Amino acid sequence: MATRREIFLQLVAVASECYPEVEARQIAEMILLAKGNITRNDLLIEPNNELEITDLETIFDELRSWRPVQYIVGKAEFTDMELTVREGVLIPRPETEELVDWVAREAEVGAHILDVCTGSGCIALALKRMVKGSAVWAMDISREALAIARENGAEYAPDVEFVEGDALSDFSAHFEGVKFDAIVSNPPYIPDSDSALMRPNVTEHEPHIALFVKDSDPLVFYRAIARTGRKMLKAEGRLYFEIYESLVEEMRAMLEAEGYADIVVREDFRGKPRMICATRQ
């Protein structure tokens, strides 16, 4: 039987066929810890202990096919949670944690918050846990994504209400009588033509419905959410988006045209303009 270190090195070697070495080592560690049911300290302190991972050859094949490591282990870390993810739901990104932190810092106790295009539920669940006394709703058009979001909600924030709805329609009918302090969304925003620049772990495995929009109208989701959201926000309520860095000025112009003001753009940890906030007038 192989040792922990030997299996780790095998995983690194296979992952390196697709990914840079640093990323390959991170992927290998994630798989080893999850599949071997050990901690990082176990690996560091006792690397020569024997370990059996029964589906190791299958994992090698999955890595070579660019299947994302989060789908392989069935989990993705987000804020203080370890969320369930699988095909059919977008894998949460670190940049989105920064958006959540921004919303949470500005939200008041008891805020009413709506997350549109919730996917795994990561934004809604994190905000429910971070904003004291908040009431949080989460909406998505994908029943598959909502099923996963509800699984995560049952574990981390059972009071979040999940709703099936289309962000491109007038979705206010799903929330009659509710006025929101904040609406937040990480909608599809990558132009189809930019998919050629992306790696197969994204383009061949993650749901295109959650990622891509037509080149002819890349703001389609933002505009629809802003337009419907204006009817749903309280006076001085705020709209928060994760955005595509190449569309900042177009986003400003669209939000102003839809009746928003006090527009603020923030950069993510990589220095890219990735978040925007606008206030309903």
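**Helix α4, a mixed sheet and the helices lying across it**

Just after helix α4, W66 takes a positive phi of about 70°. That is a handy place to start in this predicted model, and α4 itself comes next. The helix spans residues 56-64, and its buried residues are L56, I59, F60, E62 and L63. These residues end up on the same side of α4 because they cover an arc of only 165° around the axis. On the face turned away from that buried side sit E57 and D61, both exposed. As for what the buried residues of α4 pack against, the partners are α1 (4-15), α2 (21-36) and α5 (69-73).

Now for the sheet. Seven strands build an open sheet with mixed pairing, in the order β5-β4-β3-β6-β9-β11-β10. β5 (161-164) and β10 (260-267) each have a single partner strand, so one side of each is left without a neighbour in the sheet. From one strand to the next, the twist averages 20°. Strands pair through backbone hydrogen bonds, which can run parallel or antiparallel. Here, β4 (residues 135-140) and β5 go for the parallel sense, over four bridges, and D140 stands opposite E164 in β5.

Helices lie across the strands too. α7 lies across β3, β4, β5 and β6 (180-185), running at about 180° to β4. Helix α11 (residues 248-257) lies across β9 (233-242), β10 and β11 (273-280), and runs at about 160° to β10.

The loop between β3 (112-116) and α7 (122-130) holds T118. With 4% relative accessibility, T118 counts as buried. Among the residues T118 touches are A124, A138, M139 and D140.

Terms used. Residues numbered from 1 in each chain as written. Predicted model: local features only at pLDDT ≥ 70, side-chain atom pairs only at ≥ 80, totals over all residues. Heavy atoms only, no water. Buried < 20%, exposed > 50% of the residue type's maximum accessible area, 1.4 Å probe, protein only. Helix = DSSP H or I, 4+ residues; strand = E, 2+ residues; numbered from the N terminus. Arc of directions from axis to C-beta. Contact = heavy atoms within 4.5 Å. Pairing = 2+ DSSP bridges. Axes fitted to C-alpha atoms, helices over the stretch in contact; angles between N-to-C directions. Lists of a residue's contacts leave out its neighbours within four places in sequence.
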